[in-house]
Amino acid sequence: MDKIIIKDLIAHGIIGINDWERTKRQPILINIVIFTDMREAGQTDNIDDCIDYHSVANRVVAHSETIQRFTVEALANDIASLCLEEAGARKVRVRVEKPDAVEFTKSVGVEIERKQKR
């Protein structure tokens, strides 16, 4: 299956369970892989036959910066649902990380996969 890759998307939002995390926006690193069939888009060279990754990225950032989730698991699930709303999206892999959230690490986070319900 073909893949659309959105790598190292950065949003700044409220996420976490600690008091300081509920008042201070922090960076959220997001990686997305949308699984789809790109044969028609490749043949027609028409944007209408493509998943608009620019639009997806903008929607993900807007959501991540306004939702104020407690867990990265919940935010990852939200993002997966947003991606699966795209016509032609069959499956999605989402990784959400919080840089510098835990001492002595570059980041911590989760990665999930979700499929279209058919």
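Which residues does Ile67 touch, not counting residues up to four places away in sequence? In this predicted model, the answer is Leu75 and Asp78. Ile67 itself sits in the loop that joins H2 to helix H3 (72-84). With a relative accessibility of 32%, Ile67 counts as partly exposed, because the buried class ends at 20% and the exposed class begins over 50%. A further relation links Ile67 to a residue far along the chain: Ile14 is 53 residues away in sequence, yet the two C-alpha atoms are 7.7 Å apart in space.

Just before this loop comes helix H2 (residues 53-66), which contains Ser64. Is Ser64 buried or exposed? Its relative accessible area is 1%, under the 20% cut-off, so Ser64 is classed as buried. The side chain of this serine finds a polar partner in the backbone, reaching the oxygen of Val60 at 2.8 Å. Once neighbours within four places in sequence are left aside, the contacts of Ser64 are Ala11, Gly13, Ile28, Ile30, Leu75 and Ile79. Leu75 thus appears again, as a contact of Ser64 and of Ile67.

Helix H3 is a helpful next stop. Its 13 residues reach 18 Å from the first C-alpha to the last, close to the 18 Å expected at 1.5 Å a residue. Buried positions in H3 are Val72, Leu75, Ala76, Asp78, Ile79, Ala80, Leu82, Cys83 and Leu84. The two residues touched by Ile67, Leu75 and Asp78, are both on that list. Against which elements do the buried residues of H3 pack? They pack against E2, H2, E3 and E4.

The strands can be followed through E2 (residues 26-36), which is mostly covered, with 10 of its 11 residues buried. Strand E1 (residues 2-13) pairs with E2 in the antiparallel sense, over 10 bridges. E2 also pairs with strand E3 (residues 91-99), again in the antiparallel sense, here over 7 bridges. Leu29 of E2 illustrates both pairings: Leu29 is the bridge partner of Ile10, and Leu29 stands opposite Glu97 in E3.

Helices and strands come together in the largest nonpolar core, which has 27 residues. The members that touch the most others are Ile30, Ile32, Ile34, Ile79, Val92, Val94 and Val96. At least two residues of this core come from each of E1, E2, H2, H3, E3 and E4, and H3 gives the most, with 7 residues. This fits a broader tendency: in soluble globular proteins, nonpolar side chains tend to be buried together. Val94 offers a close view of the arrangement. Apart from neighbours within four places in sequence, Val94 is in contact with Asn31, Ala76, Ile79, Ala80, Val110, Glu111 and Ile112. Ile79 is therefore a shared contact, since heavy atoms within 4.5 Å define contact and Ile79 is listed for both Val94 and Ser64.

A contrasting environment is found at Asp100, in the loop between E3 and strand E4 (107-115). Asp100 is exposed, because its relative accessibility of 64% is over the 50% limit. Leaving aside neighbours within four places in sequence, Asp100 is in contact with Thr105, Lys106 and Ser107. Finally, the C-alpha atoms of Asp100 and Gln26 are separated by 9.6 Å, although their positions lie 74 residues apart along the chain when counted as a sequence separation.

Conventions:
Residues numbered from 1 in each chain as written. Predicted model: local features only at pLDDT ≥ 70, side-chain atom pairs only at ≥ 80, totals over all residues. Heavy atoms only, no water. Helix = DSSP H or I, 4+ residues; strand = E, 2+ residues; numbered from the N terminus. Buried < 20%, exposed > 50% of the residue type's maximum accessible area, 1.4 Å probe, protein only. Polar contact = N/O pair within 3.5 Å; in protein donor to acceptor, adjacent residues only side chain to side chain. Pairing = 2+ DSSP bridges. Core = buried A, V, L, I, M, F, W, Y, C linked by side-chain atoms within 4.5 Å. Expected span 1.5 Å × (residues − 1).
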